[in-house]
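Let's take a friendly walk through this model, from the overall fold down to single side chains. Keep the structure open beside you as you read.

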Amino acid sequence: MERRKISFATGSRADYGIVRNYLKLLNEDSDIDLSILVTGALLSNEYGHQVELIYRDGFKVGAEIEIKIDPSSNAGVIHSMADALDKFGEYFMENRADLLIILGDRYEMLSVATAAAMNRIPILHLHGGEATFGNYDEFIRHSITKMSLFHITATEEYRRRVIQLGEEPERVFNLGALGAENCLGIDEEMVPDRVMGLKGTRYFVVLFHPETLTSASTMGQIMELLSAVDRYNNYKFVFLGANADTHADIIRNKVKGYVDSHDNCEYFENLPTSGYHFLVRNSLGLIGNSSSGLIEVPSLKAYTINIGHRQDGRVRGNSVMDVPCRSDAICEAIDKVVNKGNKDEIRNPYFRYHSAENYYLTTKMMLEMIEQGVGVNPKVFFDYQ
């Protein structure tokens with residue numbers, strides 16, 4: 001029997017880290033020919049050229065598709081999207097997969113999904129149905145949903161929302177979030193020495209991205225955050241690089257300048273997944289507005305100070321403290337986190353046991369459905385009752 005071809009498209013270390021254990025199970029299946037399609041920040045020197053992580057893990061890289069990355073403006077992001085659409089369109093015309101897996105809502109993934117859909121390649125979309133009202137990821141995510149044949153969501157609420165968007169219920173599966181369980185298996189050999197050396201110190205991790213669907217000033221927001229951090233000399237603050245969204249360069253430049261002039265701060269542009277999880281697990285908590293703070297950090301028994309509106313609409317657990325982007329509010333939350341005691345009460349609504357195995361088995365079932373003819377005819381719109 002001919003091996004079924006599955007491709008996974010990825011443009012960031014975070015996306016790849018989330019699905020790594022799931023991909024390993026697919027890769028170990030002798031009936032599956034898995035390849036990774038790499039693009040975006042993973043191929044950029046400015047963002048650490050993290051594609052080497054994929055090669056190191058032993059996966060077959062089907063293609064390295066470089067695109068121009070210019071987060072300085074929406075015009076720059078649109079040019080990146082156009083570049084990705086053109087190059088992936090050409091790639092999919094010559095290289096057809098039985099199933100393409102796409103995670104989430106990155107703008108370059110909208111181009112990948114469009115190119116695949118135009119070439120009638122079945123798409124499995126992970127993490128659909130979520131809401132992030134403060135970022136253009138919101139409409140990108142739902143657009144990818146409408147181009148996809150199959151869906152795996154992270155909560156039942158998200159599953160219902162995908163069905164509400166007109167997707168057939170029997171092709172939408174709630175299996176929890178891979179990242180919520182993955183982060184428990186930290187490979188300490190992959191933890192950089194600088195990160196390992198922080199264990200035992202009192203520090204916060206800071207990971208902040210732009211809000212791209214609000215009127216908030218990116219410069220104003222990062223200055224409020226740094227103003228809050230500036231009030232504390234008795235803790236360390238470990239900053240991580242912002243993603244490649246519009247105006248992320250403003251955040252990156254201000255943070256790097258701040259870290260260079262403060263002895264109690266460190267900066268990492270990028271970390272291997274285990275390095276990031278180790279860093280957070282041994283911290284006082286995560287400060288910022290990353291989805292990781294809602295999905296992964298609770299599993300690490302750490303608190304999240306979630307700033308602003310970027311993650312508005314997402315399900316969150318009892319360890320997430322929502323605050324406006326004002327230095328006084330951020331400081332108040334920092335003080336509360338420091339004074340919190342029992343972390344055993346932290347619960348993660350995204351957590352499911354054996355999530356990678358369940359994703360793998362469900363993907364195998366999807367391949368069987370494709371073999372039986374699902375996806376041959378155009379999708380119909382399921383009317384949600």
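## Reading the labels

Helices and strands here are DSSP runs, numbered from the N terminus: a helix has at least four residues and a strand at least two. With that in hand, phenylalanine 133 can be placed in the loop between β5 (123-126) and α5 (137-147). Please bear in mind that this is a predicted model.

## The chain as a whole

The chain contains 14 helices and 13 strands. Its C-alpha trace spans about 60 × 45 × 40 Å along the principal axes. For 385 residues, a compact globule would be expected to have a radius of gyration near 21 Å, and the 20 Å of this chain agrees with that.

Of the 385 residues, 60% count as buried. Contacts across the sequence are also worth a look: taking those with a separation of 6 or more, 73% come from residues 24 or more positions apart. The chain exposes about 15,800 Å², with carbon and sulfur atoms supplying 49% of this area.

## Around phenylalanine 133

Back to the loop between β5 and α5. Which residues does phenylalanine 133 contact, leaving aside neighbours within four places in sequence? They are Glu138, Leu213, His309, Arg310, Asp312 and Gly313. Leucine 213 is 80 residues away from phenylalanine 133 in sequence, yet their C-alpha atoms are 7.2 Å apart.

One of these contacts, Arg310, also belongs to a network of salt bridges with Arg106, Glu108, Asp137 and Asp245.

## Charges and salt bridges

The chain has 40 positive and 53 negative charges, and the mean positions of the two sets are 3 Å apart. In total, the structure holds 26 salt bridges. One of them joins lysine 60 to aspartate 33, with 2.7 Å between the closest N and O atoms. This pair links distant parts of the chain, with the two positions 27 residues apart in numbering: lysine 60 sits in the loop between α2 (51-56) and β3 (61-65), and aspartate 33 in strand β2 (residues 32-39). Is each partner buried or partly exposed? Lysine 60 is partly exposed, because its relative accessible area is 42%, whereas aspartate 33 counts as buried because its value is 18%. The cut-off for buried is under 20%.

Two further salt bridges lie within helices. In helix α6 (residues 156-164), arginine 161 and glutamate 157 are 4 residues apart, so about one helical turn separates them. Their closest N and O atoms are 3.3 Å apart. Arginine 161 is partly exposed at 23% relative accessibility, and glutamate 157 is partly exposed at 34%.

Helix α13 (residues 327-339) holds lysine 336 and glutamate 332, again 4 residues apart and about one turn of the helix. They form a salt bridge whose closest N and O atoms are 3.8 Å apart. Here lysine 336 is partly exposed, with a relative accessibility of 45%, and glutamate 332 is partly exposed at 48%.

## Two buried positions

Alanine 63 lies in strand β3 and is buried, with a relative accessible area of 12%. Apart from neighbours within four places in sequence, alanine 63 is in contact with Ile36, Leu37, Val38 and Tyr91. Threonine 39 is 24 residues from alanine 63 in sequence, and the C-alpha atoms of the two are 8.4 Å apart.

Threonine 362 is found in helix α14 (residues 355-371). This threonine counts as buried because its relative accessible area is 9%. Not counting residues up to four places away in sequence, threonine 362 touches Phe173 and Leu175.

## An exposed glycine

Where does glycine 197 lie? Look in the loop between α8 (193-196) and β8 (203-207). Glycine 197 counts as exposed because its relative accessibility is 54%, and the cut-off for exposed is over 50%. Isoleucine 123 is 74 residues away from glycine 197 along the chain, and 42 Å separates their C-alpha atoms.

Note on methods: Residues numbered from 1 in each chain as written. Predicted model: local features only at pLDDT ≥ 70, side-chain atom pairs only at ≥ 80, totals over all residues. Heavy atoms only, no water. Rg over C-alpha atoms; globule rule 2.2 N^0.38 Å. Buried < 20%, exposed > 50% of the residue type's maximum accessible area, 1.4 Å probe, protein only. Contact = heavy atoms within 4.5 Å. Areas by Shrake-Rupley, 256 points an atom, 1.4 Å probe, with all protein chains shown as cover. Lys, Arg positive; Asp, Glu negative; His and termini not counted. Charge placed at Lys NZ, Arg CZ, Asp CG, Glu CD. Salt bridge = Lys/Arg side-chain N within 4 Å of Asp/Glu carboxyl O.
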